[in-house]
Amino acid sequence: KGTLFVDVQRRINMYLRALWARDFFMRPTSGDFESREGYKPYIEDYFLHLPDAFDDFLPPAGGRSAPLPLGEGSGEGDEPVPGLELYRATAAHCAAHLVYTREQISAEALNPLQMAVISVVEDARVEMLAIRAFPGLKQLWAKLHTVQAEQANTIGDYLNRLARALLDSDYQDNDPWIAEGRALFAQATERLADNTISWEIGVALAHALAQKRIAFNPRTDILSAPYRDDNRYFWAFEEFDFNKSQAAGFETVRQVRKRVSVMEFANEIEVENAGDDAQEIWVMSEEFFPYEDNGVSFNQREGKEPVSEPYHYAEWDYQIQLERPAWATVLEKRPKTGDLQVIGQITADNKRIASRLKFLLDAMQPQGVQRIRKLEDGDEIDINAAISSMIDFRMGMQPDPRIMMRSVRKVRDISVLVLLDLSESTNEKVLGQEQTVLDLTRQACVLLADAIHKIGDPFAIHGFCSDGRHDVEYYRYKDFDQPYTDAPKARLAGMTGQLSTRMGAAIRHSAHYLRGQRTAKKLLMVITDGEPADIDVRDPQYLRYDTKKAVEEAARHGITTFCMTLDPRADQYVSRIFGAKNYMVVDQIARLPEKLPLLYAGLTR
């Protein structure tokens, strides 16, 4: 019952990301579903542990001594605070501890009462720092404090009154101890970045509170505000690392992949509940065929499709003008193979285009050593030019001084990577035809690959799609060092379209492979049918700016990026991403197989 953590986790994560421009790792904690008593949020190992469900919070009748702003209710008949608001308040409070706590507070020689008061002051310190940056948080937190000034039966009452007094300046409380706490906290407003003030103020207030001669019970005298955590984070006695707390949400746990023999694999105890998050992945060095296998290996029958080690890339957030480190994860996956007859049929159906390209391709072939004649400065004398100049001289005419020549070795020194957009939209049929965009893209790739193969340039064909920033799928159909044989052709025949288009991460990963090529020129050709988009991004400008940043990063490494887009509306954004001269909009998609090889010839001549 109530608001479930699993239903609001993504919304809370985006809420915290909007506040502090970083990710926080969150986990649900289970509690007593009936009474919701005795369990609080907490921070452990830099993870936010939030309740797996929150009931709506109903303030007690007459639970306020000061009116709330218009529309929030006050006094008797207050409206309940929804569970989603409770999650926002809890997550923001815990995140404030992670962001603003740089050193742990020593608990040495402190008694339980002193630790309790210091915890209240420390909560107020991190909340005040958060409110300075985001004033609206005060309104969010203040509505969850319901203690009244007349409640003075237990130490817990005084702690709750102090917590409310340090947060809400409108709260009226004439108790001298509360007034002293407010005065000490106000004097320390310039030192809030240093949590030693929490220790100093807390010890002083605890000494004064002890004079009231009220017994303190650590189990019952606790804070009643439902969003406050148990403060174990800064009382931890283990080593505290502020940098690690800031990196929580960016770092990933690396799996260990071990290659083992058949006997090691067979003798190991199986872990039945191990999944993709297992700490170790064991891979047999060779295929294992058990008895009565009928030619089917153990891996084919029980194994899973292999996935590469994750590649993490930053993304550019244009709104904060900063890179989000390790924000997108690229996973290389093995492409499926298809029927080779599909490739043979494409070649047969496009013989006319291939014959038109023949003369162009012959002209692009490296010509070896060429002589450049009629030079004023060269390596040797051009006999024919020298004789013509001498004849002009004898006839009393001005001789031509260009009588030298030089031998130049003409070679092509370029590497090309073709990056294909394989999103779900490529499965749509072209207007007026039975073929899909993916079919035409496959035809264009086959013709282009045949052309580049005849010229002899090293080339690669890769593709990508995405399902959020944590899963950018990358497929390598042909690599630079791989011959263009039946194996890459079969992968091209098995191309499929799915998911979304997170283009920036794919371009960064493509540039990673191009940088490894030892050629003078490097060309990245992107073929897409639409703008960058993904399921976890609503702002259309976000991925456009990130893709533009990825193109600029590639240019700094000497990589020229050219985009051939099939989107008729691409003029609105493609020039800003790739540059005024580095794109082509194909208005008639059916002509893509014809235009792509011609475009390549023009870019690499």
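Q: Which strands does helix α15 lie across?
A: The model is predicted, so local features need pLDDT of at least 70 and side-chain atom pairs pLDDT 80 or more, while totals for chains, interfaces and linings use all residues. Residues are numbered from 1 along each chain as its sequence is written, and side-chain values use heavy atoms, with hydrogens and water left out. Helices (H or I, at least four residues) and strands (E, at least two) are DSSP runs, numbered from the N terminus. Helix α15, residues 437-455, runs at about 160 degrees to β14 (angles go from 0 to 180 degrees between N-to-C directions, with axes fitted to C-alpha atoms, for helices over the stretch in contact), and the strands lying under it, with contact meaning heavy atoms within 4.5 Å, are β13 and β14.

Q: What does the packing angle make α3 to α7?
A: Helix α3 (residues 112-133) packs against helix α7 (residues 196-210) at about 135 degrees, with the axes 8 Å apart. Under 35 degrees counts as roughly parallel, over 145 as roughly antiparallel, 65 to 115 as roughly perpendicular and the rest as oblique. That makes α3, relative to α7, oblique.

Q: Which strands stand at the edges of the open sheet?
A: Eight strands form this sheet in the order β8-β9-β15-β14-β13-β16-β17-β18, with mixed pairing (two strands pair if DSSP finds at least two bridges between them). Each edge strand has a single partner, so one side is left without a neighbour in the sheet; these strands are β8 and β18.

Q: How many bridges join strand β13 to strand β16?
A: β13 covers residues 414-421 and β16 covers 521-528, and they run parallel. L419 stands opposite V526 in β16. The number of bridges joining β13 to β16 is seven.
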